[in-house]
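Visitor: I would like a close look at one part of this model, the surface near the DNA. Please take it slowly, and then set that part in its surroundings.

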There are 2 protein chains.
Amino acid sequence: MEQSTYLRHIAHDSVIFGFSGEKLHILIIHYRETGLYALPGGFVRWDEDLDDAARRNLKERTGLGNIFLEQFHTFGNVQRYQPEVMQAIMTANKLATPADHWMLDRFISVAYYALINYKYVTPQPDALSDSCDWYPVDELPELMLDHQDIVNKALETLRERWDKKLVGVNLLPTKFTMKELQLVYEAIMGESIRRTTFQRKMLKLDIFERHEKQYTGKSHKAPYLYSFRL
Amino acid sequence: MEQSTYLRHIAHDSVIFGFSGEKLHILIIHYRETGLYALPGGFVRWDEDLDDAARRNLKERTGLGNIFLEQFHTFGNVQRYQPEVMQAIMTANKLATPADHWMLDRFISVAYYALINYKYVTPQPDALSDSCDWYPVDELPELMLDHQDIVNKALETLRERWDKKLVGVNLLPTKFTMKELQLVYEAIMGESIRRTTFQRKMLKLDIFERHEKQYTGKSHKAPYLYSFRL
DNA sequence: GTGCTATTGTTACAGATTGAGACAATAGTA
DNA sequence: TACTATTGTCTCAATCTGTAACAATAGCAC
């Protein structure tokens, strides 16, 4: 019985951030036939913690566990209730959809954001979706329902939590240069910052370990690599 | 049909903060007979926005509309599912409770915090509860389910948002002294701050309007009253 | 090797912010 | 008038930030 496998009316969506080295990207899925774009999301099993549901979804979607994932807002406007959208997706997939199907009911969605290392991820489309790809945050396709609002709120949250959560570290490989860390910062904040000021502020935090230099073959002084300590 | 009036599995709880002039207080309700203490909360009607449901609840509970109310976290652990607790409350109120009653099902709770002026509020117990009273945050009775976790998270959120949301202003009357504003700050942050530093920082924000002096009859210089501008 | 360029690490300096204290200005009381 | 408690300012030093300058490479051309 599907009705009892998942909790009715409750969904979760994740804004999965990745950093390409230049721009901030988000994972967006594309539904077959209907042409709809959406955030990856899912439902909550009756015997599963809400956070675990989101984490399971992320694992299925990216293949990665043990990832930075944090809840940031719950969206529950009545306007979200647009059964025809869900109907279209299911019909396009040739799934039977009686009018009282649980997936066509009103949903409240708990939204999470995740920070992962772009390189380690090969997005995986799910049963209903066609493709699952990275899009730059400033070049997203038109998203279904209120998913664009969810993305906006996620970005806002990311900016607020930059210092507390060391956001950047989760978007980079274990070892990174100051330049890379700064690029992440600028991509999130949407503003540039003076190199020397940024470097000094980061180093004064005393939370980074300095490692060997990174020789890239470029003809200039090689930067040190750093990692997050503790 | 109650089942269709409210969305199943979804509840909301509010941490309603008030400031006594000395300590930070929270509104706690007490259930008849069972001896249980809980945060005021409710459910979401099928045709009602989530935020509106929380606001409606606040209005019913305090009689006040147009109040600072903000969502801060959604609690969805399986451990929350303790039908015997709800059962006890309903039985104590002599309400019929078939084992499959919707209120005995698993719930996910969206939590809000509100900031209101202590003085203007006369708490109102609802149909199921006995009393509804202010408790200092550091002297709460033992709360049911995970409500203590909700309170803790609310306090944490309040501390983070102090500057952005001008938290203090919502807890004070329209006109207040710098001393009062500082007391709110200290009550929330749990730490004392130097008077002169606080005063300078607040005034430099340039968001307060200075009014007449407040003569209390005490034998010392009278402080100015301020109000929040814009 | 020498010279050249792009980038990085560090330091210097002025301006702003903050912590801590000093001081003068009350409002009432003795 | 003297005295006390509290408040509004101001000063001074310590720290933090924005800005720029400078020295130290790593590779390339020669």
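Guide: In sorting residues by class, Ala, Val, Leu, Ile, Met, Phe, Trp, Tyr, Cys and Pro count as nonpolar, Asp, Glu, Lys and Arg as charged, and the others, Gly among them, as polar. With that division, the surface near DNA strand D has 5 nonpolar, 9 polar and 6 charged residues. Please keep in mind throughout that this is a predicted model.

Staying with DNA strand D, there are 20 residues around this strand, of which A:Thr196, A:Ser219, A:Lys221, B:His220 and B:Lys221 come nearest. Both chains are therefore named in the list, where nearness means that a C-beta atom, placed from the backbone, lies within 6 Å of the strand. As for the helices involved, α7 of chain A, together with α6 (178-189) and α7 of chain B, each supply at least two residues of the surface near DNA strand D, and α7(A) gives the most to this surface, with 3 residues.

The other strand can be read in the same manner. Around DNA strand C there are 21 residues, and those that come nearest are A:His220, A:Lys221, B:Thr196, B:Ser219 and B:Lys221. Here α6 (178-189) and α7 (195-204) of chain A, along with α7 (195-205) of chain B, each provide at least two residues of the surface near DNA strand C. By class, that surface divides into 5 nonpolar, 9 polar and 7 charged residues.

Since α6 and α7 come up for both strands, their arrangement deserves attention. In general, two packed helices are described by the angle between their axes and the distance between the axes. In chain A, the axes of α6(A) and α7(A) come within 10 Å and cross at roughly 105 degrees. Angles of 65 to 115 degrees count as roughly perpendicular, and α6(A) and α7(A) are therefore roughly perpendicular to each other. Where the two helices meet, A:Met178, A:Leu181, A:Gln182 and A:Tyr185 of α6(A) are in contact with A:Arg195, A:Phe198, A:Gln199 and A:Met202 of α7(A). The residues of this contact comprise 5 nonpolar, 2 polar and 1 charged.

Turning to chain B, the axes of α6(B) and α7(B) come within 10 Å and cross at roughly 105 degrees, which makes α6(B) roughly perpendicular to α7(B). On the α6(B) side the contact is made by B:Met178, B:Leu181, B:Gln182 and B:Tyr185, and on the α7(B) side by B:Arg195, B:Phe198, B:Gln199 and B:Met202. By class, the residues of this contact divide into 5 nonpolar, 2 polar and 1 charged.

The relation between the two chains can also be stated. A turn of 180 degrees, with a shift of 0.0 Å along the axis, lays chain B on chain A with an RMSD of 0.1 Å. The two copies are thus related as by a two-fold rotation axis.

The contact between the chains takes 19 residues from chain B and 19 residues from chain A. On the side of chain B that touches chain A, β1 (6-19), β5 (68-75) and β6 (108-116) of chain B each supply at least two residues, and β1(B) gives the most, with 4 residues. By class, this side has 8 nonpolar, 6 polar and 5 charged residues. Moreover, 100% of the interface residues of chain B are also interface residues in chain A, so the copies meet through the same surface.

Strand β1 of chain B is also the place of B:His9, which has a positive phi of about 75 degrees although B:His9 is not a glycine. Because 22 C-beta neighbours lie inside 10 Å, B:His9 counts as buried.

Finally, the wider frame is best given for chain A. Chain A contains 7 helices and 9 strands, and its C-alpha atoms fill a box of roughly 65 × 30 × 30 Å, taken along the principal axes. Of the 230 residues of chain A, 30% count as buried. Among contacts in chain A between residues at least 6 apart in sequence, 71% join residues at least 24 apart. A:Leu145, in the loop between β7 (129-136) and α4 (147-165) of chain A, has a positive phi of about 45 degrees although A:Leu145 is not a glycine. With 21 C-beta neighbours inside 10 Å, A:Leu145 counts as buried.

Technical notes: Residues numbered from 1 in each chain as written. Chains lettered and ligands numbered in written order. Predicted model: local features only at pLDDT ≥ 70, side-chain atom pairs only at ≥ 80, totals over all residues. Contact = placed C-beta atoms within 7 Å. Least-squares fit on C-alpha atoms with pLDDT ≥ 70 in both. Axes fitted to C-alpha atoms, helices over the stretch in contact; angles between N-to-C directions. Parallel < 35°, antiparallel > 145°, perpendicular 65-115°, else oblique. Buried ≥ 20, exposed ≤ 12 C-beta atoms within 10 Å, placed from the backbone.
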